[in-house]
Structures are given as structure tokens and as C-alpha cells.
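Colleague: I have a model open on my screen and would love a close look at a single part of it. Could you walk me through one strand and its surroundings?

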Amino acid sequence: MAASLRRPSFSASSTSSADPDDEGVRGTCEDASICKRFAVSIGYWHDPYIQHLVRLSKERKAPEINRGYFARVHGVSQLIKAFLQKTECHCQILNLGAGMDTIFWRLKDEDLLPSKYFEVDFPMIVTRKLHSIKHKPFLLQPIIELHSEDTLQIDGHLLDSKRYAIIGADLRDLPELEEKLKKCNMNPQLPTLLITECVLVYMTPEQSANLLKWAANSFETAMFINYEQVNMDDRFGQIMIENLRRRQCDLAGVETCKSLESQKERLLSNGWETASAVNMMEVYSRLPQAEASRIESLEFLDEMELLEQLMKHYCLCWASKGGSELGLKEITY
């Protein structure tokens with residue numbers, strides 16, 4: 001394939017000033033990436049790409065943390081694949097607050113790529129990811145292989161190719177977000193899957209409601225997947241909030257994370273027709289027995305109660321609108 005032999009031409013990089021108030025939130029991207037990288041390194045799931053984006057921590061992560069990340073990656077992946085199956089991949093995916101995620105490459109390996117895959121995050125995080133892509137052929141080559149043009153557009157805060165785009169933008173600035181997505185050929189007519197993982201909780205309830213309304217209003221046929229905290233009113237939840245606050249990271253949207261019902265209600269009150277939610281202990285308990293046995297053999301877990309407590313404070317929610325002919329409402333976990 002001729003295009004795969006060409007290095008893309010890069011336009012000059014630009015750097016914008018970052019809001020210091022968002023520094024704690026950006027730090028959670030680093031934390032989550034390092035945790036995923038560690039879990040992959042000891043065999044929880046296969047991801048040959050994350051090592052090219054994230055350093056391996058010298059600090060060993062606790063078994064309950066590793067199992068929690070496994071459940072998160074597994075649960076989100078199952079819902080993504082259900083959407084791709086229903087739409088036969090004739091769709092687009094918007095991963096909002098994607099960080100160092102590697103879903104694009106893993107879907108390509110499984111021949112499950114949508115028509116186009118978009119990622120959005122803070123410009124500072126996007127700049128770092130694009131630097132890795134530019135300088136790591138293992139990441140860059142799969143993008144070039146899918147790109148039919150001679151050159152690929154990459155600058156400081158943007159990558160745009162035929163099947164994959166990465167955009168530096170603030171999710172709280174919806175006009176800017178929409179403008180940048182449209183410049184990268186986002187198609188409002190295509191069935192669209194939107195994903196947020198530990199993103200909405202860092203926005204005020206009004207800001208997250210605006211994002212959910214924008215998503216519901218922008219696409220006739222759509223599904224939304226949200227992974228974040230839940231049951232935050234109890235003592236364990238309060239300790240989680242206090243620990244994050246000490247690191248200058250405020251959960252501005254925590255009042256929406258009171259229960260599975262409050263999580264569903266937020267989706268339904270902002271333009272989504274159906275909404276479902278399960279805590280992560282339910283996701284973990286529904287693993288196939290062989291898979292559960294495999295991951296449980298990787299590390300000894302001293303206190304199952306601690307895992308259960310942690311998992312019951314995170315949830316997986318999904319919502320849909322339109323798409324009755326595709327069966328989107330039938331997607332369940």
C-alpha cells in the first residue's frame with residue numbers, strides 16, 4: 001500500500017496557555033494511564049500500544065486497583081462492541097476526554113473500526129499524545145495505512161486523517177468543540193457513540209448537562225457511555241472526595257453521582273430516551289468464569305471486601321436515542 005510507506009508532513013506545532021485550575025484534572029489522566037499500563041504489564045488484558053504512550057510505574061499497584069481497571073476496560077469495551085455490531089461499524093465514535101487511550105488501535109487490530117474515530121482532550125494532553133504518535137512508528141503506521149491521501153494533518157493540538165482524529169479542545173466550550181469536530185468531518189447523520197470515562201464528574205452539573213444535551217441534540221441516532229463514581233454520599237465516598245481534594249482535584253459534579261438512579265436521571269433529563277446503569281461489582285460478577293479465574297490467578301487478593309467496596313463506588317451507564325431500527329435500545333450489559 002503506497003500510502004503506508006509515506007511519512008506524513010507535519011505543520012508547525014503550537015502551544016496555548018493552560019488553565020491552572022484544570023491541573024488536578026489533567027493529573028488524573030496521568031494516574032489512570034499509569035494504572036492501566038501497570039495492569040497490562042502483569043497480564044490483565046492485552047494492549048501492545050499503551051507502552052508507547054505511558055511509562056511503566058516502579059510502584060506496584062494494589063490488586064483491587066488492577067481488577068478495578070480490568071472491569072472498567074472490559075465493561076466499556078463490551079458496550080462499544082455491542083454498538084459496533086448493531087451499526088455494522090457504519091458509525092462514528094467520539095471519545096471525549098480520551099487521554100492516552102488506545103481503543104482506536106485495538107479496534108483496528110480486531111477489524112472493528114467505525115467509519116471514523118474521534119478523540120478529544122485538553123490541548124496539553126493532546127500535544128503529549130501527538131508527540132508520541134509522531135515519533136513512534138508502531139503508533140503512526142496504522143494511521144497512515146488507513147489514510148488514502150499523500151499527507152496527514154498533524155500539528156500541536158490536532159491530528160486529522162481519514163479514519164482517526166485527535167482534537168485539543170475544552171469540553172465545556174461547546175461551540176469550539178463542535179467547530180473543531182466539523183473541521184475533521186464529523187458527520188451528524190451517522191449513528192454516533194459518545195464515550196466519557198471519569199470526565200463528567202470533573203465538570204459542574206450544569207456543564208455536564210450542557211454536554212449531554214449537545215450530544216443528544218447533535219445526532220439523530222446515538223448512544224452515550226459514561227463511566228464514573230457512584231454512591232458518593234457514604235463514608236467511603238467522602239474519603240474518596242477528600243483524598244482527591246488534597247491533590248487539588250475537586251469533583252465539581254459529585255452531586256450527580258449519588259446513586260445509579262441519579263446517574264440515569266441525568267441522562268434522561270438531558271434528551272436521552274433510554275438509560276441504564278450498573279455498578280462495577282455487577283460488571284465484575286458477570287465476567288465469564290474462565291476469564292474471572294484467569295485474572296484472579298494473576299495476583300493474590302487479601303480482602304475481597306475492599307474490592308467490593310471500591311467497585312460499588314464506580315458505575316457504567318449507557319443511554320440511547322433513535323436507532324430503533326438498529327436495536328440500540330436492546331443493548332444491555
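Colleague: Let's take strand β7, residues 222–229: how many of its residues are buried?

Modeller: Happy to look at that one with you. Please keep in mind that this is a predicted model. The mean pLDDT of the protein chain is 92, with 93% of the residues at 70 or more. The stretch to set aside is residues 1–17, where pLDDT stays under 50. Where pLDDT is low, the predicted coordinates should not be read in detail.

Now to your strand. Eight of the eight residues in β7 are buried, so the strand is mostly covered, with "buried" standing for under 20% relative accessible area. To see the surroundings, start with the two strands that pair with β7. On one hand there is β6, residues 192–197, which is parallel to β7 and joined to it by six bridges. If you would like a residue pair to click on, T196 has N226 of β7 as its bridge partner. On the other hand there is β9, residues 314–321, which pairs with β7 in the antiparallel sense over eight bridges. Here M223 is a good place to look, as its bridge partner in β9 is S320.

Step back and you will find these strands within an open sheet of nine, ordered β3-β4-β5-β2-β1-β6-β7-β9-β8, with mixed pairing. The edges belong to β3 (153–155) and β8 (274–279); each has a single partner strand, so one side of each lacks a neighbour in the sheet. From one strand to the next, the twist averages 15 degrees. Elsewhere in the sheet, β2 (residues 116–121) and β5 (residues 164–168) run parallel and are joined by five bridges. One residue pair there is Y117 with Y164 of β5.

Helices complete the picture. Helix α9, residues 260–268, packs on the sheet and touches β7, β8 and β9, its direction making about 155 degrees with that of β8. Another helix, α7 (residues 205–218), belongs with β6 and β7 to a right-handed β-α-β unit. Follow α7 a little further and you meet α6, residues 174–183: the two helices pack at an angle of about 35 degrees, with axes 11 Å apart. Their crossing is right-handed. From α6 the contact involves L174, L177, E178 and L181, while α7 contributes N210, L211 and W214.

So, for your close look, β7 has eight of eight residues buried, pairs with β6 in the parallel sense and with β9 in the antiparallel sense, and is touched by α9.

Key: Residues are numbered from 1 along each chain as its sequence is written. This is a predicted model: local features need pLDDT of at least 70, side-chain atom pairs count only at pLDDT 80 or more; totals for chains, interfaces and linings use all residues. Side-chain values use heavy atoms; hydrogens and water are left out. pLDDT is the predictor's confidence in each residue, from 0 to 100. Contact means heavy atoms within 4.5 Å. Buried means under 20% relative accessible area, exposed over 50%, partly exposed in between (1.4 Å probe, protein chains only). Helices (H or I, at least four residues) and strands (E, at least two) are DSSP runs, numbered from the N terminus. Two strands pair if DSSP finds at least two bridges between them. A crossover is right-handed if, with the strands pointing away from the viewer, the path from the first strand over the helix to the second runs clockwise. Axes are lines fitted to C-alpha atoms, for helices over the stretch in contact, and angles run from 0 to 180 degrees between N-to-C directions. A crossing is left-handed if the near helix is turned anticlockwise from the far one by less than a right angle, and right-handed if clockwise.
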